[in-house]
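Ready for a walk through a protein chain? Have a look at the sequence and the fold below, and keep them at hand while you read.

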Amino acid sequence: MVFPKNYSFRFFSLDCSIGIIIALVSIPISMGYAQVAGLPAVYGLYGSLLPVIAFALLSSSPRFVFGVDAAPAALTGGILAAMGTAPESDAALSIIPVISLCVAAWLLIFFFIRADRILKFISQPVMAGFITGIGMTIILMQIPKLFNGTTTHGELMDLSVHIFTQACLHFNLPSFILGISTIIIILLCRRFFPKIPVQPLLMFLGAAAFYYFPLDSLGIKTLPAVKSGLPALSFPSLSLLFSNYEEILFPAFSIAVVILSETLLATSSTALKHEDTLKTRREILAYTAGNFLAALSSSCPVNGSVSRTAIAGQFGVKSQVMSVSAGLTMGLILMFGTGFIEWLPLPVLTAIVISALTGTLEFSFAARLRKSDKTEFLIFCSAFLAVLFFGTVWGVITGVLLSTFAFIIRQSKPSTDFLGVVSGTTGFYSLTRRGSAAVPIKGAVIYKFSGPLFYANINQFYDDITSSILKNTKTVIVDSSGITSIDTTAAQRIIMLRQKLERSKISFKMAGHVSRVNDQLRTYGARELIEQKCVRKRISGALADSGFTEPYPLQEKPSLAGGSNISAEFDWAFGTESERVKLEIAARIAEEIIHNEKVNGDRLHEMARDYASGYWNDADEDELLDMIQAKILLLDEEHGIRNKKQINSAITDLHVKLEISLLNGNRASIKRIIRKRRKRELLIRQKFPALYEKIQVQQEAYFNKIAMENPELAKMLAGIISENEF
């Protein structure tokens with residue numbers, strides 16, 4: 001058992017009390033999942049005793065909760081259904097411990113072959129889609145029990161037909177109302193009172209209601225009575241395994257994979273959150289021991305519980321004393337407190353299980369993927385639908401195939417870009433990113449490649465560079481800072497590319513990569529690249545070798561993206577969200593300065609830099625001032641601002657100071673600033689005509705200030721505006 005530093009008796013008593021809460025919460029959830037697996041409900045309590053204590057003693061995670069959970073239970077029930085074994089029958093009671101034993105054996109094999117290293121190839125979208133599919137499948141299985149129907153196993157179509165059939169034959173309205181009401185109460189309490197262990201409270205209230213009131217006359221079912229006592233330990237029948245090894249051994253492998261991947265990923269996430277040190281092989285050994293003891297206890301396979309871990313975290317758990325306490329509490333319940341089970345309404349238990357399962361559904365994660373990465377969203381959907389329509393085994397297969405496919409695709413199509421410079425800033429920026437103001441260096445192609453360079457993607461590397469050559473190109477520089485390795489095929493193709501470029505009198509350089517790449521170039525026959533100084537540590541050095549020094553000559557045309565925004569750092573950090581973020585910053589600064597008695601240019605400058613988190617330059621600040629001025633005028637229209645004259649004067653002064661230093665007679669930069677400003681003003685004129693008129697007044701004051709302090713710049717501005725060059 002692992003204890004954090006400075007662990008004290010105060011934490012010990014806290015963990016013991018949290019363990020009691022976890023045990024109480026586990027009662028209805030574990031009983032429900034036991035029924036999903038095909039066992040009588042009390043076997044869920046058996047699986048929450050010795051396996052939980054064994055995990056606590058062996059695990060390197062001080063806060064994670066282990067026990068009977070959804071995914072292994074559903075997979076176990078699926079094995080029984082495939083074998084044609086009736087749930088809760090004597091045959092089921094004999095087969096399920098054998099399944100748990102096989103799962104423990106597979107996990108032990110995983111321990112010896114270091115299977116934790118393979119998990120890096122199973123992506124989060126695959127696992128999230130798989131678990132969501134299992135969660136939805138179990139919810140569909142449980143729905144008939146809300147209205148006094150019977151459950152079954154199968155896929156979406158089978159379960160949908162079964163729900164409809166059971167509703168037609170056995171629908172009981174009081175039972176359904178009781179179940180739905182329980183779900184609503186749990187979800188509301190989870191939202192507004194997350195620290196209240198509402199599940200055991202509802203369970204005991206339901207049992208008390210049945211004990212004191214004749215609710216059975218309404219047709220509401222309860223669980224059968226069970227005898228008190230600890231589980232009788234016995235070794236599973238190996239003869240069953242030998243006679244049914246095809247139906248048990250290989251499906252048990254899929255359960256072991258799910259336990260390993262789901263629990264280890266969730267445990268790792270919890271450890272990272274609390275900065276705990278996790279030993280993955282030790283975790284696998286803990287899973288093995290837990291499932292071996294589940295087999296001896298005649299229980300179904302056991303797994304990590306994300307939902308109960310979250311509950312323990314809410315109460316501030318510090319160590320696995322919590323799990324030992326939970327296991328001992330469950331032992332006391334089995335010896336002295338099982339009498340309530342026969343009074344427990346089945347709809348209440350079912351509702352608690354369904355509510356717990358809603359916590360496993362990752363639809364919010366899928367929604368974020370849909371916005372950020374369409375490929376990973378499709379992977380999530382594929383894994384989810386594979387489980388829902390074809391079953392959990394096919395879900396595992398689909399998940400593994402999708403993970404492999406996604407890995408190969410990402411490696412064979414790495415991120416690439418072409419880079420340029422932004423006037424007045426240092427560094428090299430994307431030419432293709434939306435809103436970018438970077439401009440190509442005249443006569444130079446700077447190509448960025450991110451990822452390992454090998455036989456599957458070297459053609460893309462070669463084609464991207466050769467297709468970018470212009471008539472005036474003198475040098476090609478590869479920003480290789482993202483290249484982590486090169487294979488022999490890639491090394492030879494780079495040599496061929498260099499020779500082709502040199503025949504056209506174009507130099508070739510690679511700059512910024514780690515020294516290991518140079519070692520590989522020498523090993524794979526590309527030593528000449530190093531000997532002839534075709535590799536450099538920095539892009540600026542590679543440019544200097546080819547005769548390019550700052551200030552670099554720029555192409556007359558704007559960047560490939562056609563953007564007019566001259567900011568660089570901010571766009572690099574926030575990309576397509578940069579405009580929205582600037583508007584938010586402008587609104588916050590405007591709200592703050594209207595309440596200050598004294599506002600000046602220095603204070604505005606300081607606020608702009610503070611709010612921008614360091615991603616800022618003079619061009620960003622100049623644009624921000626336009627936004628602040630518009631926001632000030634809008635607030636003045638709505639509420640009236642007492643010190644607006646002082647504020648506008650401070651903004652104008654800072655505007656002039658920034659633009660004189662920023663533009664410095666650079667006609668191209670002036671045109672880009674005016675273009676951006678004009679576009680913003682036209683939008684304001686469409687939405688706020690009166691505000692537009694006030695902005696024009698402010699612009700006139702700004703122009704007059706420029707004319708006094710820098711007549712040449714004012715003359716250039718007037719010429720550009722009058723000729724509509726922007």
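What follows is a tour of a few spots in this structure, which is a predicted model.

Let's begin with a helix. H11 runs over residues 245-274, so to speak a stretch of 30 residues, and it reaches 42 Å from its first C-alpha to its last. That is close to the 44 Å expected at 1.5 Å a residue. Right after H11 comes Glu275, whose phi is positive, near 60°.

That brings us to backbone angles. Most residues other than glycine have a negative phi, and most peptide bonds are trans. Glu88 goes the other way: its phi is near 65°, and it isn't a glycine. You'll find Glu88 in the loop between helix H4 (70-83) and helix H5 (90-112). With a relative accessibility of 38%, Glu88 counts as partly exposed. Lys505 also has a positive phi, about 60°, without being a glycine. Lys505 sits in the loop between H20 and strand E7 (507-511), and at 76% relative accessibility it counts as exposed. For the peptide bond, turn to Glu550 and Pro551: the bond joining them is cis, with omega about -5°. Pro551 belongs to the loop between helix H23 (539-545) and helix H24 (569-574).

Now for the aromatic rings. A pair of them is described by the distance of the centres and the angle of the planes. How many aromatic pairs does the structure hold? There are 21 aromatic pairs. In one of them, Phe66 and Tyr287 have ring centres 5.9 Å apart and planes at 5°, so this pair is stacked. Phe66 lies in strand E1 (residues 66-67) and Tyr287 in helix H12 (residues 280-296), so the pair ties together parts that are 221 residues apart in sequence. Both Phe66 and Tyr287 are buried. Phe171 and Phe176 make a tilted pair, with 5.4 Å from centre to centre and 50° between the planes. Here Phe171 is partly exposed, at a relative accessible area of 41%, and Phe176 is partly exposed too, at 28%. There's also an aromatic cluster, formed by Phe418, Tyr447, Phe449 and Phe461.

Phe418 turns up again when you look at Val445, a residue of strand E5 (residues 444-450). Among the residues that Val445 touches are Phe418, Ser468 and Val476. Val445 is buried, with a relative accessible area of 8%. Its C-alpha is 7.3 Å from that of Ile469, and the two are 24 residues apart in sequence.

Next, a couple of charged residues. Lys145 lies in helix H6 (residues 124-146). Is Lys145 buried or exposed? It counts as buried, at 6% relative accessibility. Lys145 and Pro347 are 202 residues apart along the chain, and their C-alpha atoms are separated by 6.3 Å. Lys145 touches Pro347, and its other contacts include Gln35, Ser175 and Thr350.

Finally, find Asp487 in the loop between strand E6 (475-482) and helix H20 (488-503). Asp487 is buried yet has no salt bridge. Which side chain of opposite charge is nearest to Asp487? That's Arg493, 9.9 Å away. A polar atom of the Asp487 side chain does lie 3.1 Å from the backbone nitrogen of Tyr455. Asp487 also touches Leu453, Phe454 and Tyr524, besides Tyr455.

Terms used: Residues numbered from 1 in each chain as written. Predicted model: local features only at pLDDT ≥ 70, side-chain atom pairs only at ≥ 80, totals over all residues. Heavy atoms only, no water. Helix = DSSP H or I, 4+ residues; strand = E, 2+ residues; numbered from the N terminus. Expected span 1.5 Å × (residues − 1). Buried < 20%, exposed > 50% of the residue type's maximum accessible area, 1.4 Å probe, protein only. Lys, Arg positive; Asp, Glu negative; His and termini not counted. Salt bridge = Lys/Arg side-chain N within 4 Å of Asp/Glu carboxyl O. Polar contact = N/O pair within 3.5 Å; in protein donor to acceptor, adjacent residues only side chain to side chain. Contact = heavy atoms within 4.5 Å. Phe/Tyr/Trp six-rings, centres within 6.5 Å; stacked < 30°, edge-to-face > 60°. Lists of a residue's contacts leave out its neighbours within four places in sequence.
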